[in-house]
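Here is a friendly walk through one protein chain. Have the viewer open and follow along.

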Amino acid sequence: VAVVLLLTLKLAALASLPFPVFIAHSDAEPTVVRGPLDGPRRPQRLLHLDLKTVYSYGDQLLFELVRQTFNSFGGGGYFDVTESHPYREPATQAWVDEVNANYDGVVIGGGGIFPRRVNAAPVSGWQWNITTELLGRLKKPIIVFGAGNPPDFDPRKHNKVFRTHINQTMKQSIFFGLRSTGAVDAMRDYLEDPEDAPLVFQPCP
């Protein structure tokens, strides 16, 4: 399954690195579609927010495949995703400061991070346990990668916390990949400005 990454120029602009835009395929060499062909001066250091689970072998493999997708691109010279942090752990100001000081961006996913029933963080309405206030203090770009379906939007009884939080997340994201076209359509219903959202269909790696 092809994994489309439409994020490297925006990351590069923030880190002043000459990244190309690329399309990475699981069964072929990456194809550069625009931008310089020479490598960056240093890899982009990204923090991966994942779930340390013992209940789903598939999720364990999925999170590792997300890291490998980034780390293997271009022979390993473009991204450094070697450190991770559980997205269910409550975020603090100290954690936000650490990310701002030490990373070029944050990757969230893949997997079903938009819960339909019980395992949402009260502060966000989904599984990333960070308040909207702390999220706004995060200065590094967010990449949502191969995530699962959000709940269907119901204007009469939707989770207002989730809607506020996901709009803030979208504003701070440079890439928001959901793993089905139905998920993309469902997410658009929550957005204040869906036309400008960096929201794309992107299958699991």
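The report below starts with the whole chain and then turns to a helix, a cavity and a peptide bond.

## The chain as a whole

Please keep in mind that this is a predicted model. The chain holds six helices and nine strands. Of its 205 residues, 48% are buried.

How do the contacts spread along the sequence? Counting contacts between residues at least 6 apart in sequence, 72% join residues at least 24 apart. On the outside, the chain exposes about 10000 Å², and 51% of that area is supplied by carbon and sulfur atoms.

## Helix H5

Let us look at helix H5, which covers residues 160-172. Does its length fit the number of residues, or what would we expect for its span? With 13 residues at 1.5 Å a residue, H5 should span 18 Å, and its end C-alpha atoms lie 19 Å apart, so the two values agree. At the start of the helix, Asn159 places a side-chain oxygen within 2.9 Å of the backbone nitrogen of Val161.

Which residues of H5 are buried? They are Phe162, His165, Ile166, Asn167, Thr169, Met170 and Gln172. The buried residues of H5 pack against two helices, H4 (132-137) and H6 (181-188). They also pack against strands S7 (142-147), S8 (173-178) and S9 (199-201).

## Asn129 and the cavity

Asn129 sits in the loop between strand S6 (105-108) and helix H4. Is this residue buried or exposed? Its relative accessible area is 17%, which is under the 20% cut-off, so Asn129 counts as buried. Beyond its neighbours within four places in sequence, Asn129 is in contact with Tyr87, Arg88, Glu89, Pro90 and Ala91, and also with Ala121 and Val123.

Asn129 also belongs to the lining of the largest cavity. The other lining residues are His85, Pro86, Tyr87, Glu89, Ala91, Trp95 and Trp128. Tyr87, Glu89 and Ala91 thus appear in the cavity lining and among the contacts of Asn129. The volume of this cavity is about 30 Å³, and the count of cavities of 30 Å³ or more comes to one.

## A cis peptide bond

Most peptide bonds are trans. Here, a cis peptide bond joins Gly109 and Gly110, with omega at about 0 degrees. Where is Gly110 placed? Gly110 lies in the loop between S6 and H4, and Asn129 is found in the loop between these two elements as well.

Methods:
Residues are numbered from 1 along each chain as its sequence is written. This is a predicted model: local features need pLDDT of at least 70, side-chain atom pairs count only at pLDDT 80 or more; totals for chains, interfaces and linings use all residues. Side-chain values use heavy atoms; hydrogens and water are left out. Helices (H or I, at least four residues) and strands (E, at least two) are DSSP runs, numbered from the N terminus. The expected span of a helix is 1.5 Å times one less than its number of residues. Buried means under 20% relative accessible area, exposed over 50%, partly exposed in between (1.4 Å probe, protein chains only). Contact means heavy atoms within 4.5 Å. A polar contact is a pair of N or O atoms within 3.5 Å; within protein, one must be able to donate a hydrogen and the other to accept it, and residues adjacent in sequence count only if both atoms are side-chain atoms. Accessible areas come from the Shrake-Rupley method with a 1.4 Å probe; for residues, only the protein chains shown count as cover. On a 1 Å grid over the protein atoms alone, a cavity is a set of points where a 1.4 Å probe fits but cannot get out, and a pocket is an open set with protein on both sides within 12 Å along at least five of seven lines; lining residues have an atom within 4 Å of a point. Grid points are joined across faces, edges and corners, and a volume is the space filled by probe spheres set on the points.
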